[in-house]
Amino acid sequence: MFEQASQQIAQTSASAFIANHLWVTPLVQSVHILAIAALSGALLMINLRLLGLAPADDRSPSVMRRSGLVGLYAGLVLLLTGIVLVIGEPARELTNALFQVKMVLVAAIMAAVVLVVRRGDDLRREAGGKALAAVTIVLWASIIFAGRWIAYV
Amino acid sequence: MGSVDLSFLSDLESLGVAQFVRESSWAYPTLETLHVIAIALVVGSIWIVDLRILGLVFQRRAVQSVMDEVLPLTWCVFALALITGVLMFISSAMMFAENPAFRIKLVVLVCAALNVLFFHSHAMKRWQLAGGDALASPAMKISGGASIVFWISAILAGRWIGFL
């Protein structure tokens, strides 16, 4: 299924354009990493609060929700740049086991961030909030690991 | 690099740890991954401080409080980025030293370091002595804006190293 899809994508003019313009892939990968940085900053603010490590003067209840929204916007940029990278090198991505693992992990972390956006303030006072922070941190690190190792498997 | 003696680069490459990184099947990609994790946290956290200084996020919180929350972690993950970066560099020091994107990245990092020095030794100090009120000083804003640009440039140059 993935082999067929990657062959069809490889025949599109968009894929040919990326293959013929050598600056596209590093530029889009750089934007992908910049979005990873933005998402990391947002997750940092959320997790410090879920873990009760934020400073005492931070009484603004909206910080977590707004950080979650920034994280979702960064996720949108990651999705769009990721699609461009798949179109550019479909066989490298779609048929790669780690790429497939990464997509499952991405779905899981998106669910976690949506949960924070929808009921972040309640989570802050619950033990479940700490568990959610731990899960998010592990998922985030695993996604970066899977993403970087796509190039090596 | 002209007449500069670069023989120390081959000395670096012959270090045991450099050979290990070069020859192991997992060491280099693992260092790369840790480097990406560290950079994501360095840049993601420093952007929060920069954007607060520019008055674009967390306007209700004191500038000093945001800096106190975020900057200690920024320094820790920067240490991880530096260590992983140095280990990758010494594994193929001569190749990296010849790479234009790597050279640009070094220049950008020196600029970023000078900006940090300016921020802490001058801009932030004068602002703190003046009472460190809710608004950051113009010097801090310039430094914060420059920081955003330097880190974007560092990531662009860094990602290009593998393509040249």
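Begin by selecting helix α4 of chain B, residues 63-91, together with helix α6 of chain B, residues 100-129. In this predicted model, the axes of the two helices come within 14 Å and cross at roughly 155°. An angle over 145 degrees counts as roughly antiparallel, and α4(B) and α6(B) are therefore roughly antiparallel to each other. The crossing in which α4(B) passes α6(B) is left-handed.

Next, display the side chains where these helices touch. On the α4(B) side, select B:V63, B:Q64, B:M67, B:L71, B:W75 and B:F89. Their counterparts on α6(B) are B:F102, B:V116, B:F119, B:H120, B:M124, B:W127 and B:Q128. What is the division of this contact into nonpolar, polar and charged residues? Colouring by residue class will show 10 nonpolar residues and three polar ones, with no charged residue in the contact of α4(B) with α6(B).

Remain in chain B and select two cysteines, B:C76 and B:C111. Are they buried or exposed? B:C76 has a relative accessible area of 56% and is exposed, whereas B:C111, at 31% relative accessibility, counts as partly exposed. How many disulfides are there over all chains? The count comes to zero, taking a disulfide as a pair of cysteine sulfur atoms within 2.5 Å.

Now hide chain B and show chain A as a cartoon. Seven helices and zero strands appear in chain A, and its elements follow the pattern α-α-α-α-α-α-α along the sequence. Orient the view along the principal axes: the C-alpha atoms of chain A fill a box of roughly 55 × 25 × 25 Å.

A colouring by relative accessibility is a useful next display. Chain A has 153 residues, and buried residues make up 44% of them. Contacts can then be considered by their separation along the sequence. Among the contacts in chain A with a separation of 6 or more, 79% are between residues 24 or more positions apart.

For the final stop, select A:A108. Where does this residue lie? A:A108 is in helix α6 of chain A, which covers residues 97-123. With a relative accessible area of 34%, A:A108 is partly exposed. To finish, add A:A151 to the selection and draw a distance between the two C-alpha atoms. A:A108 and A:A151 are 43 residues apart along the chain, and a separation of 23 Å lies between their C-alpha atoms.

Note on methods:
Residues numbered from 1 in each chain as written. Chains lettered and ligands numbered in written order. Predicted model: local features only at pLDDT ≥ 70, side-chain atom pairs only at ≥ 80, totals over all residues. Heavy atoms only, no water. Axes fitted to C-alpha atoms, helices over the stretch in contact; angles between N-to-C directions. Helix = DSSP H or I, 4+ residues; strand = E, 2+ residues; numbered from the N terminus. Parallel < 35°, antiparallel > 145°, perpendicular 65-115°, else oblique. Left-handed = near helix turned anticlockwise from the far one by under 90°. Contact = heavy atoms within 4.5 Å. Nonpolar A, V, L, I, M, F, W, Y, C, P; charged D, E, K, R; others polar. Buried < 20%, exposed > 50% of the residue type's maximum accessible area, 1.4 Å probe, protein only.
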